[in-house]
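Work through the exercises below with the model open in your viewer. Each task is followed by a stepwise solution.

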Amino acid sequence: MSSTLSLTKEIPLLREACLIGGKWVSGYESNSISVNNPATGEIIGRVPRFGRPETADAIDAAQAAFAVWSKMTAVERCNLMLRWADVITENQKELAELLTIEMGKPLAEATGEVAITANYIRFFAEEGKRVYGDVIPSPWKDRRIMVTKEPVGVVGAITPWNFPSSMLGRKLAAALGSGCTVVAKPASQTPYSALILGELAEKAGIPAGVINIITGSAAQIADELCENEKIRKITFTGSTPVGKQLASKALANMKKVSMELGGNAPFIVFDSADLDKAVEGAIASKFRNSGQTCVCANRIYAQAGIYEEFSAKLKAAIEDQLRVGDGLKPGVNQGPLIDGGAVAKVEELIADAVEKGGTVVTGGKLDAQGGTFFEPTLLLNATPDMKVAKEETFGPFAPVFKFESEEDVIAMANDTEYGLACYFYTQDLGQTFRVMEALEYGLVGVNEGVITTEYAPFGGYKDSGMGNEGSKYGIDDYINIKYSCIGGLGL
Ligand code: NAP
């Protein structure tokens, strides 16, 4: 593999070029994207601003590699992928630091994210060996019906900035495990955790061209991915408006589509809940990644009987446990928000809620450290007419709504176009099943605030997307089903 990169001494895994067919391609001298550290505002590096021609090159490379990768046995692919996961684990510390520097999340969370990336790869390496076919009882005496499964082909993958490693990792894992090859476009704000995954894959022996990673103009790259006939599937994680646009372009060219989109998660605490556990879950669910995850609690509903006590405990936990600062510093568990736009969004939602009668009881403004550091915020007396009831916050702002009955809270929880994650706390078994079945969401946490694992499916209802990632279901979207009718048997 030839390299034309300028390596930055302080960040050993930084790669300022795109990976196409096993070669690092730069070209950033003429046109580049600057990447900054959201904790300090410093530019940490640049990546190329590529468009359609370079994307077409990457697709050609992936197509050539598909001929090799798809013909390997699942066992051969598995062994290479397991080695890749091991190489990631061997570099976990440096990968986590890189992730924190480009994205801002605290080092402990970044370390966990890198571990999850490796776990997705291990899971789908093994799952690739279980892509079983079928023999269906034939209605004809002289013919047999055989069903086999084949990889769809070259996959176009587009990912967001909030999990720069694991969002791409779980797409690559399922794609490679099933025998597909990939052209990936990471978010422009966090390209480095993605770029290095490609290099580590090749270091582990995965053939050049199986993974191609390209940075640049989202619209141009997406247009090429959606219109190029060699691409057979588009997988996207990001916001709902972009996902809808992309899905319609991809479907116009009859490509398979998987969409992991936005959320507006309700977090419900019933009178019977264990309040300490509910507070622990609310802190984890609301404030992980400073509130910047698609499964973060967006609206907290507390039943009237425990509203005061739960709110007081949540306020104490926020004030005692959450420490804002540079994610590289020990003890920090609330990093900066990704950019000024994210800060403006949180400020807008808080101002709207206050204007409509909400009371900020802790936080509420930019942190004294400035930049994009924001105080973890708790607002009481939230009401359904507030913007935060409808919109994804993506920041450390927890509004608490009061409700009276199970029926009311289910209606409020489902009153959204989103349907990704939801959570509720109760110790009433009947209520557990009633509420679990009534909530229109793809992921349900019952007495748990963090539920993602490679072993379970991850996918949204309604405007939160289509398809699933993770688990045995995650490989289905990368597979074509082939029916062969075998006749002429002389039976
Ligand atoms: P975004 O603006 O939709 O961007 C996501 C990706 O799409 C980036 O790579 C971006 O590229 C690219 N993109 C932007 N405009 C595009 C276009 N017109 N055509 C094709 N691609 C385009 O979302 P984000 O702000 O990065 O991420 C936050 C959103 O992702 C939230 O809504 C969150 O809920 C969602 N999310 C969902 C999941 C899930 O699994 N359901 C997981 C994580 C996040 P550039 O960076 O170059 O603009």
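Contact here means heavy atoms within 4.5 Å. The model is predicted.

**Exercise 1. The annotated site**

Task: Locate the residue that UniProt marks as "active site". Then find its secondary structure element, its burial and its contacts beyond four places in sequence.

Solution.
- Step 1. The UniProt record, an unreviewed entry, places the feature "active site" at E260.
- Step 2. E260 belongs to strand 11, which covers residues 256-260.
- Step 3. The relative accessible area of E260 is 4%. Buried means under 20%, so E260 is buried.
- Step 4. Leave out the neighbours within four places in sequence. E260 then touches R170, F236, T237, G238 and L420. Its contacts also include F458, G459, G460, S464, G467, N468 and E469.

**Exercise 2. A cysteine and its partners**

Task: Is C294 buried or exposed? Which residues does C294 contact beyond four places in sequence?

Solution.
- Step 1. C294 sits in the loop between helix 9 and strand 13 (297-303).
- Step 2. C294 has a relative accessible area of 14%, so it is buried.
- Step 3. Outside the four-place window, C294 contacts N162, L261, G263, E392, F394, L420 and F458.
- Step 4. Take F394 from that list. C294 and F394 are 100 residues apart along the chain, and their C-alpha atoms are separated by 7.6 Å.
- Step 5. Check back against Exercise 1. L420 and F458 are among the contacts of E260, and they are also among those of C294.

**Exercise 3. A loop residue**

Task: Find what separates the C-alpha atoms of A456 and S471. Then classify the accessibility of A456.

Solution.
- Step 1. A456 is in the loop between strand 19 (443-446) and strand 20 (461-462).
- Step 2. A456 and S471 are 15 residues apart along the chain, with 4.7 Å between their C-alpha atoms.
- Step 3. Beyond four places in sequence, the contacts of A456 are E469, G470 and S471.
- Step 4. The relative accessibility of A456 is 26%, so A456 counts as partly exposed.
- Step 5. E469 is listed for A456, and E469 is listed for E260 as well.

**Exercise 4. Positive phi**

Task: Where do M254 and N381 lie, and how exposed are they?

Solution.
- Step 1. Start from the background. Most residues other than glycine have a negative phi.
- Step 2. M254 is not a glycine, yet its phi is positive, near 55°. N381 is not a glycine either, and its phi is about 60°.
- Step 3. M254 lies in the loop between helix 8 (240-252) and strand 11. N381 lies in strand 15 (residues 377-382).
- Step 4. M254 is exposed, at 63% relative accessible area. N381 is partly exposed, at 40%.

**Exercise 5. Two packings of helix 2**

Task: Classify how helix 2 packs against helix 4 and against helix 6.

Solution.
- Step 1. Helix 2 (residues 74-90) and helix 4 (residues 107-127) cross at roughly 170°, and their axes come within 8 Å.
- Step 2. Over 145 degrees counts as roughly antiparallel. Helix 2 and helix 4 are therefore roughly antiparallel.
- Step 3. The residues of this contact divide into 11 nonpolar, two polar and three charged.
- Step 4. Now take helix 6 (residues 192-203). Helix 2 packs on helix 6 at about 125°, with the axes 8 Å apart. That angle makes the pair oblique.
- Step 5. The crossing of helix 2 and helix 6 is right-handed. W84, V87 and I88 of helix 2 meet L197, L200, A201 and K203 of helix 6.
- Step 6. This contact has six nonpolar residues, no polar and one charged.
- Step 7. Compare the lists. W84 and I88 also take part in the contact with helix 4.

**Exercise 6. Helix 9 on helix 10**

Task: What are the angle and the handedness of this pair?

Solution.
- Step 1. Helix 9 (residues 275-287) and helix 10 (residues 307-321) pack at about 50°, axes 10 Å apart.
- Step 2. The two helices are therefore oblique to each other.
- Step 3. Helix 9 passes helix 10 in a right-handed crossing.
- Step 4. The contact residues divide into 10 nonpolar, one polar and three charged.

Note on methods. Residues are numbered from 1 along each chain as its sequence is written. This is a predicted model: local features need pLDDT of at least 70, side-chain atom pairs count only at pLDDT 80 or more; totals for chains, interfaces and linings use all residues. Side-chain values use heavy atoms; hydrogens and water are left out. UniProt positions are given in the numbering used here, feature names are shortened, and annotations may be inferred rather than shown by experiment. Buried means under 20% relative accessible area, exposed over 50%, partly exposed in between (1.4 Å probe, protein chains only). Axes are lines fitted to C-alpha atoms, for helices over the stretch in contact, and angles run from 0 to 180 degrees between N-to-C directions. Angles under 35 degrees count as roughly parallel, over 145 as roughly antiparallel, 65 to 115 as roughly perpendicular and the rest as oblique. A crossing is left-handed if the near helix is turned anticlockwise from the far one by less than a right angle, and right-handed if clockwise. Ala, Val, Leu, Ile, Met, Phe, Trp, Tyr, Cys and Pro count as nonpolar, Asp, Glu, Lys and Arg as charged, and the others, Gly among them, as polar.
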